Amino acid sequence: MTLLEQKKDCCGCAACVNICPKTAISMVKDEIGQYYPHINEALCVDCGACRQVCDFQKKKESRFGHQVIAAYGAASKDDRLIKKSASGGMFAQFAKLVLESGGVVYGAAMLHEDKLKVKHIRIEDISQLYLIQGSKYIQSEIGDSYRKVKQDLVKGRQVLFSGTPCQAAALRSFLKKDYENLYIVEIVCHGVSTAQIFQDYISFLEEKKKIKITNFAFRDKSVGWGLDAKYEYLKKGQTKSIGLYYKLSSFYSYYLQAAIYRENCYHCKYACPERVGDVTLGDFWGVEKNQPDCLRENGGVFDEKKGISFCLVNSQRGAELFEKISSKINYVDSDFETISMQNGNLLKPTTMPPSRNELMDLYKQNGYEAVDRLYWKKIGYKKIYYFILAKAPRDLKKKIRILVKK
């Protein structure tokens, strides 16, 4: 049995693995770390469940798309939640509501096992919430999460599932029916990198700096809402941390250039106005231009330095969820057109840059060190400018960029 004709036909959601009644399917990675389903023919009974569950290949549009019914700019009033979140802390606020109601939450966590990995985990306690907050940018290992979600739902537990749109669609397809006790929160997704490339980048850093990295945060808020990263490391038995300006990280920069995404991400049918989740969340980029009146400096409710989310409500269940937390957040009305101005993946997939295949060939042939060398060669003397920006306070960064553009 063949599950896909080309690599772009598979999003790696692992719905086929979870649905197989004979556990005949496993996810196997290719030479750049992209996972694809592999069928053990000795176990397969050709039941067709794996083909049936695959929403990604069903047709051009998802079977589960919802029209957006309301749109907001929003941020939690709880500084503790917002500080650990990539933008406005909205996912954390939804998750807290479900956990306090005795429910369970599923989301992606950066875990340090033998290596740093991004895996979907199940939490039942607010003390674990920090594990699934923040942006990851790496495709998460879904494991048997869809099966566990179904078990919780059948038991009557309230479940909040958070993931990329393809994972949200995979869960809906796996479940085969709607459950009133299920809430799905999808993140707007530009594309995901593979765990292997990220792990090779971390190993390269460790070797270069003679340290052991134990955690990596892509969106650290030490200097405010933005793209700066931070990693924690062990050195001489002590845990330390260091901030990392995104332009001084080859991996992070290549990710933001869309040069290291999984192949199907450039053909994603979920990057469109019809949304899979009950709620869609992301950064409210461009708010200072498109809705400046909502910023505190202009008499509004939001502190831009702390982060602001956009929140698309796509179903009645999503509207009920939003209403339940409305007293815990600051929010303003917005609209899909305004939000999508700076979030293009709400309209269409990311375009594959010309450098992508060249970069992947270099990685396959010579490893991550060669990829890093190429990055620094290409930026040349700009690295001096980036080092200056890295040391500058957030407000000064903005002024320097404006002067350089002029």
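Contact here means heavy atoms within 4.5 Å. Keep that in mind for the exercises, and remember that you're working on a predicted model.

**Exercise 1.** Work out which residues join H12 to H13, and how the two helices are oriented.

*Solution.* Start with the axes: helix H12 (residues 355-366) and helix H13 (residues 368-379) come within 7 Å and cross at roughly 135°. Angles from 65 to 115 degrees would be roughly perpendicular and those over 145 roughly antiparallel, so H12 ends up oblique to H13. Next, list the contacts. On the H12 side you'll find Leu 359, Leu 362, Tyr 363 and Asn 366, and they meet Tyr 368, Ala 370, Val 371 and Leu 374 in H13. Finally, sort by class: seven nonpolar, one polar and no charged residues make up the contact of H12 with H13.

**Exercise 2.** H13 also packs on H7; find the angle and the character of that contact.

*Solution.* The axes of H13 and helix H7 (residues 195-209) lie 9 Å apart, at an angle of about 80°. That value falls in the 65 to 115 range, so H7 and H13 are roughly perpendicular to each other. H7 brings Ile 197, Asp 200, Tyr 201 and Phe 204, while H13 offers Tyr 368, Glu 369 and Asp 372. Sorted by class, that gives four nonpolar, no polar and three charged residues. Tyr 368 is worth a click: it is listed in the contact with H7 and also in the one with H12.

**Exercise 3.** Describe how H4 and H10 cross, and what they touch with.

*Solution.* Helix H4 (residues 90-100) and helix H10 (residues 316-325) have axes that come within 10 Å and cross at roughly 90°. H4 and H10 are therefore roughly perpendicular to each other. For the contact, take Met 90, Gln 93, Phe 94 and Leu 97 from H4; their partners in H10 are Leu 321, Phe 322, Lys 324 and Ile 325. The class tally is six nonpolar, one polar and one charged.

**Exercise 4.** Count the aromatic pairs, then work through Tyr 245 and Tyr 386.

*Solution.* Searching the whole structure turns up 30 aromatic pairs. One of them, Tyr 245 with Tyr 386, is tilted, at 6.5 Å centre to centre and 55° between the planes. Now place the residues: Tyr 245 sits in the loop between strand S10 (238-244) and helix H8 (250-256), and Tyr 386 in helix H14 (residues 382-391), so the pair ties together parts 141 residues apart in sequence.

**Exercise 5.** Find the largest cavity and characterise its lining.

*Solution.* There's one cavity of 30 Å³ or more in the structure. The largest cavity holds about 90 Å³ of space. Its lining has 14 residues, with Cys 20, Ile 25, Cys 44, Cys 47 and Cys 50 nearest the centre. By class, the lining splits into 11 nonpolar, one polar and two charged.

Methods
Residues numbered from 1 in each chain as written. Predicted model: local features only at pLDDT ≥ 70, side-chain atom pairs only at ≥ 80, totals over all residues. Heavy atoms only, no water. 1 Å grid on protein atoms, 1.4 Å probe; cavity = no way out; pocket = protein on both sides within 12 Å on 5 of 7 lines; lining within 4 Å. Points joined across faces, edges and corners; volume = space filled by probe spheres on them. Nonpolar A, V, L, I, M, F, W, Y, C, P; charged D, E, K, R; others polar. Axes fitted to C-alpha atoms, helices over the stretch in contact; angles between N-to-C directions. Helix = DSSP H or I, 4+ residues; strand = E, 2+ residues; numbered from the N terminus. Parallel < 35°, antiparallel > 145°, perpendicular 65-115°, else oblique. Phe/Tyr/Trp six-rings, centres within 6.5 Å; stacked < 30°, edge-to-face > 60°.
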